[in-house]
Amino acid sequence: MKKIGLLGCGAIGTQIALAIDEGKIPAILTHIFDDSKEKSSTLHAKLKNKPEIVENSHLLSSNSVDIVVEAASQDAVKDAALSILQNKKDLMIMSVGALLDESIYDILSDACQDFKKTIYLPSGAIAGLDGIKAIKDELDSLSITTTKHPRSLKGAKFFETSEINLDEINSVTTIFEGTAKQAVSLFPKNINVAALLSLTGIGSEKTRVTIMADPDTDKNTHQIEANGSFGKMTFTIENFPDTHNPKTSRLAILSAIETLRKYCSNDIQIGT
Ligand SMILES: NC(=O)c1ccc[n+]([C@@H]2O[C@H](COP(=O)([O-])OP(=O)(O)OC[C@H]3O[C@@H](n4cnc5c(N)ncnc54)[C@H](O)[C@@H]3O)[C@@H](O)[C@H]2O)c1
């Protein structure tokens, strides 16, 4: 069975760990780490099969694991991803926005080749990436409109300089329009889907992003439109937010679990 190290014991990390513990992913969770000792201890207490809590993120990959699963933050990717690959471990990244920094993308992509290891980016909170992947050379335009409840946008860097007060929004309001590259630095915890879309398609400078706040919604909704010589694709995904972290959609967690299940299984693989 594959051995897994987990970096980040929050909403996503906890559900992945429980899926392994319950046998939904055929693997063993051997090591976990979180900056917050409280988070790692709380997760540890929930598990029947107890992993070791290590003292820093680098100790995850210096142990004998097959893959490290990052479910922490963009900073965690910047800090630990290269050493994980250098230690010859595969890596699954949830904080995908970190890869829109081209220098980080290039360093990690080169490291995958040098150390013959793979980075997995689950489809996250959207569907249709298989289609975008297939037609990426025939794309003329790619856009995503994300609509969330104002509370799901709270704490984003964008609001440090914006005059918009999320607490005063009482109808559907456009918060941001720009490129995926701009969005990812201003809404780092909200915009993993835009990051994924642009990495799959035509890049972060050409992918257009609109972020809307809707005080009456209970969902995180993503509308994606792709146009090109292949034709046109439109997808709408209406996700319920996770109960522990409203910024994270339930689908993002299920997609991470499915990616890991696929990695750990000898099976027929379906989809592009
Ligand atoms: N790819 C996707 O579709 C997608 C969807 C939702 C969330 N995400 C991203 O996945 C990550 C985890 O999401 P979540 O909902 O579980 O968040 P969360 O806030 O519930 O949990 C994150 C955990 O990571 C820990 N952490 C943060 N930085 C760390 C570091 N440098 N080292 C060690 N631990 C650290 C925190 O203490 C926290 O316990 C976030 O970056 C989020 O933006 C990705």
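Colleague: How many residue pairs are in polar contact across the interface of domain 1 and domain 2?

Modeller: Four, with both residues at pLDDT 80 or more. A polar contact is a pair of N or O atoms within 3.5 Å; within protein, one must be able to donate a hydrogen and the other to accept it, and residues adjacent in sequence count only if both atoms are side-chain atoms. This is a predicted model, where local features need pLDDT of at least 70 and side-chain atom pairs pLDDT 80 or more, while totals for chains, interfaces and linings use all residues. Residues are numbered from 1 along each chain as its sequence is written, and side-chain values use heavy atoms, leaving out hydrogens and water.

Colleague: Where does each domain run?

Modeller: Domain 1 is 2–124 + 251–264 and domain 2 is 129–246, with bounds from an automatic or database domain assignment. Their centres, taken over C-alpha atoms, are 24 Å apart. Each side gives residues to the contact (heavy atoms within 4.5 Å): 16 from domain 1 and 16 from domain 2.

Colleague: What area do the two bury between them?

Modeller: About 1,200 Å², with 66% of it on carbon and sulfur atoms. That is accessible area (1.4 Å probe) lost when the two parts are put together, summed over both. On the domain 1 side, Val96, Leu100 and Leu251 supply 40% of the area buried against domain 2, more than any other three residues.

Colleague: And how many salt bridges between domain 1 and domain 2?

Modeller: One, counting a side-chain nitrogen of Lys or Arg within 4 Å of a carboxyl oxygen of Asp or Glu. Glutamate 102 pairs with lysine 181, their closest N and O atoms being 3.3 Å apart. Where domain 1 touches domain 2, α5 (102–115) and α11 (250–264) are the elements that give two or more residues. Helices are DSSP runs (H or I, at least four residues), numbered from the N terminus.

Colleague: How many salt bridges in the whole structure?

Modeller: Nine. Glutamate 102 is in helix α5 and lysine 181 in helix α9 (residues 180–186), so that pair ties together parts 79 residues apart in sequence.

Colleague: Different topic. Which residues are closest to the ligand?

Modeller: Ile12, Asp34, Ser95, Asn245 and Thr248, out of 24 that surround the ligand, each with a heavy atom within 4 Å.

Colleague: Which atom of asparagine 245 lies 2.8 Å from the ligand?

Modeller: A polar side-chain atom, and its partner is an oxygen atom of the ligand. Methionine 94 has a backbone N or O atom 3.0 Å from a ligand nitrogen atom. For alanine 72, a backbone N or O atom lies 3.5 Å from an oxygen atom of the ligand.
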